[in-house]
Amino acid sequence: MKEYEVIIGLEVHAELSTNTKIYCNCSTSFGADPNTHCCPICTGMPGTLPVLNEKVVEYAVKAGLATNCEISRFSKQDRKNYFYPDLPKAFQTSQYDLPLCLGGHIDINVDGNKKSIGITRIHIEEDAGKLIHDAYTGDTLVDMNRCAVPLIEIVSEPDIRSADEAIAYMQTLKSILEYLEVCDCKMQEGSLRCDVNLSVRPVGQKEFGTRTETKNLNSFKAIHNSIEFEIKRQIEVLENGGKIYQETRRFDDAKGVGYAMRTKEDAQDYRYFPEPDLAPIILSDEYINDIKNSLPEMPHIKKERYIKEFGLPEYDAEILTASKKTAYFFEKANAICNNPKAVSNWIMGDFARMLNEKEIEIDESEVTEENLACLITLIDKGTISSKIAKQVFEDMFETGENAKEIVEKKGLVQMSDEGAIKEIVQRIVDANPQSVADYKAGKDRAIGFMVGQIMKETKGKANPQIVNKLLLEIINK
Amino acid sequence: MSVSKEDVKHIAKLSKLNLTEEELEKYTTDLSNIVDFANELSNINVEGVKPTAHILDIRNVFRKDEVQPSYDREEILKNAPSKDAGCVSVPKVVE
């Protein structure tokens with residue numbers, strides 16, 4: 001079999017977190033009763049006049065600046081014609097030849113290797129409605145609440161070479177949009193989704209192969225699996241002497257299978273033309289600069305700062321800054337206890353594991369920044385051992401109680417009184433002559449056994465450093 | 001002819017129209033005449049004229065992002081020939 005190179009470009013659709021739709025004042029909130037967020041404008045009644053939501057322009061410009069795009073001083077909107085029941089106007093208002101943002105890039109990180117992925121363009125457009133299949137009547141039901149919810153479409157250059165790179169690109173983009181607060185990025189609700197354009201070519205061949213487009217993938221898993229599936233399918237077709245057709249495909253994630261929706265024969269003809277009901281968008285340098293100056297610290301900049309300012313390993317900094325919520329939690333907790341590595345270890349370790357198990361986000365947890373900082377301070381001061389701290393944290397996570405209160409209530413304060421510890425150490429040494437003999441014969445493991453016995457005796461509360469010190473003193477006497 | 005029979009077939013398909021062979025002939029001629037007429041514009045010298053994005057001299061017509069009440073669902077669905085469960089009902093769309 002020949003070696004193949006994979007060429008992928010992504011079209012990412014992000015629903016903007018505006019209060020209202022793109023051309024009318026209907027609400028965009030998710031999950032309302034069908035057709036209760038609708039008016040004559042968003043349902044495409046004849047004779048209505050759309051007016052652009054100013055936040056849509058602002059949010060798109062933010063996304064453009066954060067992805068290193070050039071912002072167009074002159075931009076316009078166009079009609080993209082297609083006939084489908086989810087689109088009552090029978091055209092989607094989008095942007096064709098003069099989009100708001102052009103020619104950017106973002107840097108991704110795959111297994112420690114940095115790579116820059118080009119952004120061709122970002123344009124504004126409206127979402128379509130939702131079609132529900134009625135199993136009883138066999139008809140299709142149309143809910144137009146999502147019609148004209150504002151979207152940005154972010155089109156990448158064909159710079160992506162694998163499923164892993166596609167996921168890294170998507171994750172980086174998601175993190176940027178979250179930091180900007182222009183999209184809530186809830187993939188399960190469809191607010192962030194993507195189309196995958198993919199082709200393969202034998203290594204060394206100059207021309208691209210024929211590409212297919214797999215539409216509407218709304219989870220990282222689906223993106224990854226659909227790419228793996230399509231790469232395998234295209235290579236198999238070519239190896240068997242077949243031909244790849246330019247077609248639109250769908251991926252059934254539950255079954256793990258992709259299939260063709262529309263073939264080349266009825267290829268879409270969108271007949272774009274300028275939208276006469278909407279005025280051109282002309283942006284001044286001042287407007288663009290004001291937005292540029294209002295941008296929050298972006299994840300990759302924050303990451304560098306964490307490494308420099310807090311001396312964190314790159315790995316920690318990467319994980320902490322990937323989500324704005326996590327970064328915010330880290331910064332707030334660290335500001336109180338001033339122990340960045342400890343805060344980082346908790347967030348990436350036990351805390352992350354428990355959040356995952358409970359399937360909640362860090363800001364939905366009972367554990368507050370103050371409370372984690374308090375726990376870390378208790379360890380730093382030697383009030384509790386780090387082993388006990390794990391136990392305290394579990395309680396904090398379950399009940400939301402304060403670390404200090406838990407420690408006091410349960411009597412978990414670490415024993416640091418040398419006299420009291422010494423007594424117990426002596427008792428354990430006397431009771432285990434064989435272990436002492438083993439240790440003296442060179443079996444270091446015997447120490448571990450005795451430490452274990454001492455900790456058992458003190459219910460884990462003895463200060464381990466003191467235990468170690470005293471134990472060695474007594475045995476070596 | 002500036003418009004071919006194939007072009008007309010394609011346009012008819014996009015417009016969801018079924019044309020008879022006679023209609024096809026007729027529209028091929030008619031549409032060709034229309035396109036030829038419009039093509040006369042290509043003979044005008046437009047050197048120095050900026051491309052027009054909008055016929056009116058307007059720009060930046062924006063709205064504040066403030067929610068206002070939507071229509072009652074009954075109002076919105078009034079024109080639908082068929083409705084069910086608070087939705088417009090249409091013949092099954094095959095995905």
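**Entry 1: Overall dimensions of chain B**

I began with the radius of gyration of chain B, which is 23 Å, whereas a compact globule of 95 residues would have one near 12 Å. I note here that the model is predicted. I then looked up the box filled by the C-alpha atoms of chain B, and along the principal axes it comes to roughly 55 × 45 × 25 Å.

**Entry 2: Elements of chain B**

I listed the secondary structure of chain B and found 3 helices and 3 strands. Reading from the N terminus on, I recorded their order as α-α-β-α-β-β.

**Entry 3: Where chain B touches chain A**

I next turned to the two chains together. On the side of chain B, 30 residues are in contact with chain A, and 38 residues of chain A take part. I asked which elements of chain B give two or more residues to this side. They are strand 1 (62-63), helix 3 (73-77) and strand 3 (87-90) of chain B. Strand 3 of chain B gives the most, with 4 residues. I sorted the residues on the side of chain B that touches chain A by class and obtained 15 nonpolar, 6 polar and 9 charged.

I followed strand 3 of chain B further. Strand 3 of chain B pairs with strand 10 (residues 140-143) of chain A in the antiparallel sense, over 3 bridges. Within this pairing, I noted that B:V88 of strand 3 of chain B has A:V142 opposite.

**Entry 4: An open sheet in chain A**

I looked up a sheet of 3 strands in chain A, which is open, has the order 6-5-16 and is paired in the antiparallel sense. Why is one side of strand 6 and of strand 16 of chain A left without a neighbour in the sheet? Strand 6 (91-94) and strand 16 (273-274) of chain A stand at the edges and each has a single partner strand, so one side of each lacks a neighbour there. I then examined the pairing of strand 5 (residues 78-81) with strand 16 of chain A, which is antiparallel and runs over 2 bridges. In strand 16 of chain A, I found A:F273 as the bridge partner of A:R79.

**Entry 5: Helices 5 and 6 of chain A**

I moved on to helix packing. Helix 5 (residues 299-310) and helix 6 (residues 314-322) of chain A pack with their axes 9 Å apart, at an angle of about 140°. That angle makes helix 5 of chain A oblique to helix 6 of chain A. I recorded the crossing of helix 5 of chain A with helix 6 of chain A as right-handed. Helix 5 of chain A makes the contact through A:P299, A:K302, A:K303, A:Y306 and A:I307, and the residues from helix 6 of chain A include A:E314, A:A317 and A:L320. By class, I have 6 nonpolar, 1 polar and 4 charged residues in the contact of helix 5 with helix 6 of chain A.

**Entry 6: Helices 12 and 15 of chain A**

Finally, I looked up helix 12 (residues 418-431) and helix 15 (residues 464-475) of chain A, whose axes come within 10 Å and cross at roughly 50°. The two helices, 12 and 15 of chain A, are therefore oblique to each other. Helix 12 of chain A passes helix 15 of chain A in a right-handed crossing. I wrote down some of the residues that make the contact, among them A:I421, A:V425 and A:V429 of helix 12 of chain A and A:V467, A:L470 and A:I474 of helix 15 of chain A. The contact of helix 12 with helix 15 of chain A divides into 9 nonpolar, 1 polar and 2 charged residues.

Methods. Residues are numbered from 1 along each chain as its sequence is written. Chains are lettered from A and ligands numbered from 1 in the order in which they are written. This is a predicted model: local features need pLDDT of at least 70, side-chain atom pairs count only at pLDDT 80 or more; totals for chains, interfaces and linings use all residues. Two residues are in contact if their C-beta atoms, placed from the backbone, lie within 7 Å. Ala, Val, Leu, Ile, Met, Phe, Trp, Tyr, Cys and Pro count as nonpolar, Asp, Glu, Lys and Arg as charged, and the others, Gly among them, as polar. Two strands pair if DSSP finds at least two bridges between them. Axes are lines fitted to C-alpha atoms, for helices over the stretch in contact, and angles run from 0 to 180 degrees between N-to-C directions. Angles under 35 degrees count as roughly parallel, over 145 as roughly antiparallel, 65 to 115 as roughly perpendicular and the rest as oblique. A crossing is left-handed if the near helix is turned anticlockwise from the far one by less than a right angle, and right-handed if clockwise. The radius of gyration is taken over C-alpha atoms; the globule rule is 2.2 Å times the number of residues to the power 0.38.
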